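Please examine the sequence and the structure shown below before reading on. The paragraphs that follow move from the whole chain to a few of its residues.

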Amino acid sequence: MHPAADIALAIGLLAIDVVAPLIAFAFGLDAAGYQMFDPAADNSSVSLIRPFAYVAVVGGVVLVSALPLCMARAIISIGAQVLVGLVLVLVAVIGMNDADRNTHPQPAPTSPSIDPGALCRSGGDNSECGGS
């Protein structure tokens, strides 16, 4: 493939690669029950795991779309598709992890009265423990 055609193809695919995840994220928000156009809606309980899963699927499709480009020997387009696909999947995984962490927060540690004898420095005998 001619380099100019390869660059034009890469730019066109990048434009699609920018729009497709945004649309997928919007559909994922809708599927998760997010009320976009209702200012009185309480969307605080809506999990963002599903929208990020949709973005991960789009990232996978972008990665797979690099395979037919191999037959056309469009090296620049292949590189762009692989890079964008990996970024989309990485962003989606990080987003799902953060959304899961926000929906399942760690409980606050309780501070029981600490026995001074339990504070040993090196795990040796009792002479190394603070309360002995």
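What does the accessible surface of the protein chain come to, and what share of it belongs to carbon and sulfur atoms? The total is about 9,000 Å², and carbon and sulfur atoms account for 69% of that surface. This model is predicted, and its confidence should therefore be considered at the outset. The mean pLDDT of the protein chain is 82, with 81% of the residues reaching 70 or more. Among the helices, α2 has the highest confidence, at a mean of 92, while α3 has the lowest, at 88. Where pLDDT is low, the predicted coordinates should not be read in detail.

The overall plan can be stated briefly. The protein chain contains four helices and zero strands, and its pattern along the sequence is α-α-α-α. Of its 132 residues, 22% are buried. When contacts between residues at least 6 apart in sequence are considered, 53% of them join residues at least 24 apart.

Helix α4 offers a useful path into the interior. It comprises residues 75-103, 29 residues in all, and spans 42 Å from its first C-alpha to its last, close to the 42 Å expected at 1.5 Å a residue. Its buried residues include S77, V84, L88 and A92. The partners against which the buried residues of α4 pack are α1 (3-32), α2 (49-64) and α3 (66-72).

Which residues make up the largest nonpolar core? There are seven: A24, V55, V58, V62, V84, L88 and A92. At least two residues of this core come from α2, and at least two from α4. One member, L88, illustrates the packing around α4. Apart from residues up to four places away in sequence, L88 touches V55, V58 and V62, as well as D17, P21 and G59.

A residue of another kind, S77, also lies in helix α4. Is S77 buried or exposed? Its relative accessible area is 0%, under the 20% limit, and S77 therefore counts as buried. Its side chain reaches the backbone nitrogen of A10 at a distance of 3.3 Å. Leaving aside neighbours within four places in sequence, the contacts of S77 are D6, L9, A10 and L69.

Taken together, these details return the reader to helix α4, which has both S77 and L88 among its buried residues and helps to supply the largest nonpolar core.

Methods. Residues numbered from 1 in each chain as written. Predicted model: local features only at pLDDT ≥ 70, side-chain atom pairs only at ≥ 80, totals over all residues. Heavy atoms only, no water. Expected span 1.5 Å × (residues − 1). Buried < 20%, exposed > 50% of the residue type's maximum accessible area, 1.4 Å probe, protein only. Contact = heavy atoms within 4.5 Å. Areas by Shrake-Rupley, 256 points an atom, 1.4 Å probe, with all protein chains shown as cover. Polar contact = N/O pair within 3.5 Å; in protein donor to acceptor, adjacent residues only side chain to side chain. Core = buried A, V, L, I, M, F, W, Y, C linked by side-chain atoms within 4.5 Å. pLDDT = per-residue confidence, 0-100.
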